[in-house]
Amino acid sequence: MLRITKIIRDSLRGEIWEESNGTVVILNITSACNLRCKHCYISAGKPNPDELSFEEIERLSDDLKDLKTRAVIISGGEPLIREDVFKIAKVMKKNGISTHLSSNGTLINEKNINCIRENFDYVGISIDGPPKTHDFFRGREGSFKKILNNILLCKKEGINLGIRFSISEYTAEKSNLEFIFNLAEQIGVNKVYISYVVNYGYAKSLPKINYSKLREATNFIIEKSFEYVENNKSIEIVTGNNESDSVILFEEFSKRYPERKEIMRTNLKIWGGNACGERIINIDNKGNIKPDPFFPFSVGNVREGKISEQLSKSDIIKFLREKPRKIKYCNECKFIDICNGGSRSRAMNTYGKIDMPDPNCHIIYEKFYKN
């Protein structure tokens with residue numbers, strides 16, 4: 001994740017970041033979901049009979065503590081479908097792990113809002129544009145209205161809240177982004193997290209995003225980030241799954257604040273770009289261990305032993321932890337130490353090879369595809 005507003009703000013202050021410690025684990029506790037989102041990476045629908053039990057997740061939490069996990073993002077499917085979701089969050093917090101809920105927002109209500117507040121340090125709720133766009137993308141008419149009411153409920157209850165927006169060919173229009181940021185400002189949420197869809201699960205059938213749309217969206221996000229920082233607005237803007245955004249950010253920052261550009265570059269280098277298999281790990285609902293949720297195969301299973309031991313034996317993980325990663329074309333690029341080659345999952349799902357460039361990379365596009 002690239003915390004755009006934070007890195008702009010800190011670089012302008014002359015603050016150098018510290019190396020990130022610990023691991024963030026994305027834990028998919030169920031494949032069950034009440035929506036049918038067009039980009040769903042696990043092709044959610046019905047619960048899987050082989051899903052991890054609460055007892056297995058409780059044992060897993062001890063393993064995650066040993067792995068120096070600083071945060072676990074509890075996701076699905078829709079995680080609130082599992083009746084033991086709050087018990088799961090409790091055992092994570094008991095082991096000193098920060099708990100984040102990633103939800104479609106439809107199942108939040110007056111009955112469970114207190115449990116959400118007590119057991120989750122942060123709640124991210126997905127909105128993908130105005131009502132018509134959102135309902136189409138999420139596969140259920142009326143879902144936007146319900147979600148908006150539940151976001152307002154979360155705000156009323158003082159929950160640390162963010163909006164999640166997924167960029168795809170269907171949602172990337174500037175008007176959708178403008179709607180999301182305006183909504184965030186009106187509601188007063190703490191964060192807007194923008195995720196670039198990866199071609200995995202249901203998302204394999206989505207049309208490839210037009211690059212001009214992608215670049216326009218990126219430019220708008222970065223422009224909005226500068227606006228928030230320069231006008232002292234408190235909303236944090238974060239992007240995920242398209243680490244070459246960092247290059248566009250650096251170039252824009254260098255134009256605006258040339259006297260601070262080396263501080264920005266240092267901070268981007270410390271941030272380090274794509275962290276899958278390194279500072280980010282995914283565990284799916286059947287216990288499969290993956291570098292990130294979009295990776296097409298696992299490198300182990302939590303039912304087979306300690307996560308750290310399985311990771312240490314994996315050639316895939318060894319490749320992902322190399323500095324710099326040996327990626328075709330990328331090792332010629334002066335920004336490899338910033339983006340770390342971008343999404344390995346998008347490369348795998350597009351080319352079938354882990355050492356190919358991320359097809360969403362802005363530099364790769366400009367070099368090979370623009371003309």
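Buried means under 20% relative accessible area, exposed over 50%, and partly exposed in between (1.4 Å probe, protein chains only). The model is predicted, so local features need pLDDT of at least 70 and side-chain atom pairs count only at pLDDT 80 or more, while totals for chains, interfaces and linings use all residues. Residues are numbered from 1 along each chain as its sequence is written, and side-chain values use heavy atoms, with hydrogens and water left out.

**Exercise 1. The strands β5 and β6**

Task: State which residues of β5 point one way and which the other way, and say whether they are buried or exposed.

Solution.
Step 1. Helices (H or I, at least four residues) and strands (E, at least two) are DSSP runs, numbered from the N terminus. Strand β5 covers residues 122–126.
Step 2. Y122, G124 and S126 point one way, V123 and I125 point the other way, and all are buried. The strand is mostly covered, with five of its five residues buried.
Step 3. Now turn to β6, residues 161–167: six of its seven residues are buried, so this strand is largely enclosed by the rest of the structure.

**Exercise 2. Pairing in the sheet**

Task: Give the order of the strands in the open sheet, and find which strands stand at the edges.

Solution.
Step 1. Two strands pair if DSSP finds at least two bridges between them.
Step 2. The open sheet has 11 strands with mixed pairing, in the order β1-β8-β7-β6-β5-β4-β3-β2-β9-β10-β11.
Step 3. β1 (2–3) and β11 (300–301) are the edge strands; each has a single partner strand, so one side of each is left without a neighbour in the sheet.
Step 4. Check some of the pairs. β4 (residues 98–103) and β5 run parallel and are joined by four bridges; H100 has Y122 in β5 as its bridge partner. Four bridges also join β5 to β6, again parallel, and V123 stands opposite L161 in β6. β6 and β7 (residues 191–196) run parallel with six bridges, and S166 is partnered by S195 in β7.
Step 5. β10 (residues 288–290) and β11 run antiparallel, joined by two bridges. Here I289 has G300 in β11 as its bridge partner.

**Exercise 3. Two helices that pack**

Task: Describe how helix α2 and helix α3 pack, and name the residues in contact.

Solution.
Step 1. Axes are lines fitted to C-alpha atoms, for helices over the stretch in contact, and angles run from 0 to 180 degrees between N-to-C directions.
Step 2. α2 (residues 54–66) and α3 (residues 85–94) pack at about 20°, with axes 9 Å apart.
Step 3. Angles under 35 degrees count as roughly parallel, over 145 as roughly antiparallel, 65 to 115 as roughly perpendicular and the rest as oblique. α2 and α3 are therefore roughly parallel to each other.
Step 4. Contact means heavy atoms within 4.5 Å. From α2 the contact is made by F54, I57, E58, S61 and L64, and from α3 by K87, I88, V91 and M92.

**Exercise 4. The residue N176**

Task: Locate N176, decide whether it is buried or exposed, and list its contacts.

Solution.
Step 1. N176 lies in helix α7 (residues 174–187).
Step 2. Its relative accessible area is 4%, so N176 is buried.
Step 3. Leaving aside neighbours within four places in sequence, N176 is in contact with G129, P130, T133, F165, Y170 and T171.
Step 4. I159 is 17 residues from N176 along the chain, and their C-alpha atoms are separated by 25 Å.
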